[in-house]
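Me: Could you walk me through the aromatic pairs and surface charge in the structure below?

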Amino acid sequence: MVNRLQKKLSSAKKQVLIISLCFISICLIKTERINAQEYFNFNKYLESLRDYPDDSLAQILYQKSQDFINAGSLEAANEVLVYSIENAQQQHDTLLIGLCRLRQGMVFNDLLKFRNSFQAYNQAYNISKELNDTAIMIRAMEGIERYYYQLEMIDSAITYCTSAIEINRSQKKYSKLSNNYRALYSYQRYTTGEILLNTFVLDGLIDSSLSAAKKSKKPEVLCDALTNFGLIIFDTDIEKAFQYMQAARDSARKLPVPSKTLVYALTKSSIIYLRNNQTKQARIFLNEALPLATKTNYTSQLTHINFLLGDLLCAEDSIPQAIPYYYKAIALAEKYRYKYYLPFIYETLFNIYQSNNDFDSSYKFQQKYMEIFRKNHNREMNIQIAKLSAKYQIEQKVEVIDNLTIINNQKKIIISNQKRFIILLAFAVIAISTLFAFIYYQLRKIRKAHRKLSQNVIELNRKNKEIAELKRKKNQQLEVIHDDLISKLEELFEKQEIYMKQDLTLNSTALALKTNTSYLSGIINQDYECNFSQFVNRYRVEKACEFLSDSKKNIYTIESIGESVGFKSKSVFNQVFKEVTGVNPSTFRKNTLD
């Protein structure tokens with residue numbers, strides 16, 4: 001039974017192969033007819049332009065070339081550009097010639113004529129230097145950079161990429177600058193030349209790209225940069241890849257909804273989560289991205305989302321639910337010409353149907369896969385042939401000289417950077433040494449100052465003790481002098497009754513006590529809480545009270561008693577006596593004698 005089935009399959013394969021060959025032959029014949037018709041139409045188109053003025057014909061032809069490119073007629077586009085260049089040369093329109101050369105470079109590259117593409121871009125580059133037009137210069141350098149990258153001459157591609165970085169940085173074109181850094185990261189990551197790179201350099205390029213994206217003030221540029229770097233570094237640093245994707249999604253969610261940027265970030269995030277076997281999180285992102293992609297009509301990502309949903313369901317062993325998503329992806333890819341998805345979808349469906357023993361469907365998708373595989377293989381072969389042809393043409397000698405010059409300049413830049421680094425390092429060493437010397441000198445000064453301060457504190461404590469002792473002795477002496485002076489003062493007033501002298505003064509009293517007036521006045525104020533006059537008057541009033549209360553002295557007048565105790569006048573005696581006793585002398589005598 002199995003043998004019969006195999007024979008039937010073998011015969012069916014032969015029939016399909018014959019039909020496929022016939023179909024390819026018909027397609028080739030049809031293509032030749034279409035090309036012939038296009039060429040005929042192109043000649044008719046040129047004939048129709050004869051009536052246009054020469055000064056506008058070149059510009060019209062240049063614009064028409066884009067229509068041929070959009071239609072896929074690259075040879076016709078090149079012919080139109082050749083005519084446009086000829087007319088522009090007659091009109092001395094150097095700017096238009098430069099634009100035509102740029103477009104020629106793109107057309108030749110798609111036609112796999114890499115050497116011709118390089119020459120066109122190089123001519124555009126020379127024209128840009130002549131006109132000092134940096135816009136044309138940047139585009140020409142990008143084409144030359146792509147040429148060297150296709151030929152795997154990475155060092156030369158790096159040179160043009162770094163030159164583009166310098167120009168875009170000087171003109172503050174941060175969106176393009178971010179893309180330049182990302183391209184340089186890709187070159188440096190895979191290069192194996194004389195330049196030894198490490199993770200520090202690669203991380204620096206990522207930071208530079210993201211910094212330029214931020215400076216562009218275009219959130220979508222930053223989101224795309226974060227997303228692309230997340231995809232690029234996933235194989236080497238999973239954790240950082242997830243961080244970049246998270247940052248991309250967070251930034252994209254701040255944009256007006258719905259946004260294609262958010263769709264792109266969600267779709268690419270689901271890829272790394274699927275590759276990391278985190279299907280649950282991948283499903284969340286895809287379910288969020290699907291309606292957004294539909295609303296924004298983002299057909300390329302809508303195709304990719306359906307394809308990824310199919311892969312996700314396959315990973316969860318939900319094969320029947322996965323197949324409709326694959327068919328949706330195929331329909332979108334065929335409708336919008338996203339053919340790069342088709343071989344992967346065909347191969348997946350072929351494996352699914354083969355595992356389920358659905359040989360007819362499996363065979364159908366195998367044939368579709370093989371057809372695309374053959375086309376891609378033929379194109380790859382043509383590309384390799386074109387690369388080899390470009391590498392080994394006669395003009396390669398000039399190219400080698402140019403490359404050697406570029407490498408030499410690059411080495412000079414590296415040497416210059418190394419010298420600059422050595423100088424900076426030397427300055428850093430000197431600065432650090434000076435700093436250490438300064439710190440050491442300051443520490444020595446602090447130690448000396450601390451030692452001197454300690455000595456001064458000890459000396460100060462010693463002197464304070466001496467001063468305290470002197471104060472104590474002085475106070476003792478002052479107390480002796482004070483007590484002696486008080487006893488002498490009281491003796492002078494109480495026994496000698498010096499207060500009865502009418503001309504008694506502070507000065508005469510101080511002389512009698514052999515002291516100074518200030519000290520005497522201070523003692524009276526402190527001990528008796530009065531001034532000198534009040535102190536004297538107290539004794540005089542006390543003596544007057546004694547005379548006034550004596551009946552034997554009743555014969556004397558108030559005035560004579562006042563004079564006898566030291567008052568110079570009756571009025572003063574009456575005033576002072578009343579202040580001390582509260583009554584005048586007459587009243588006091590009357591009260592005491594009665």
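**Aromatic pairs and a charged patch**

Me: Before the details, where is Tyr327: buried or exposed, or in between?
Reply: Tyr327 is partly exposed at 34% relative accessible area, where buried means under 20%, exposed over 50% and partly exposed in between (1.4 Å probe, protein chains only). Please keep in mind that this is a predicted model, in which local features need pLDDT of at least 70, side-chain atom pairs count only at pLDDT 80 or more, and totals for chains, interfaces and linings use all residues. Residues are numbered from 1 along each chain as its sequence is written, and side-chain values use heavy atoms, with hydrogens and water left out.

Me: OK, how many aromatic pairs are there?
Reply: The count is 21 aromatic pairs, taking rings of Phe, Tyr and Trp (its six-membered ring) with centres within 6.5 Å, and calling planes under 30 degrees apart stacked, over 60 edge-to-face and the rest tilted. One of them joins Tyr327 and Phe365, whose ring centres are 5.9 Å apart with planes at 65 degrees, so this pair is edge-to-face.

Me: And what does that pair tie together?
Reply: Tyr327 belongs to helix H15 (residues 319-336) and Phe365 to helix H17 (residues 359-391), so the contact ties together parts 38 residues apart in sequence; helices here are DSSP runs (H or I, at least four residues), numbered from the N terminus. Phe365 is buried, with a relative accessible area of 1%.

Me: What about Phe493 and Tyr499?
Reply: Their ring centres are 6.2 Å apart and their planes at 20 degrees, so that pair is stacked. Phe493 is buried at 0% relative accessible area, and Tyr499 is buried at 4%.

Me: Changing topic, which helix holds Arg451?
Reply: Arg451 sits in helix H18 (residues 396-494).

How values were computed:
Helix = DSSP H or I, 4+ residues; strand = E, 2+ residues; numbered from the N terminus.
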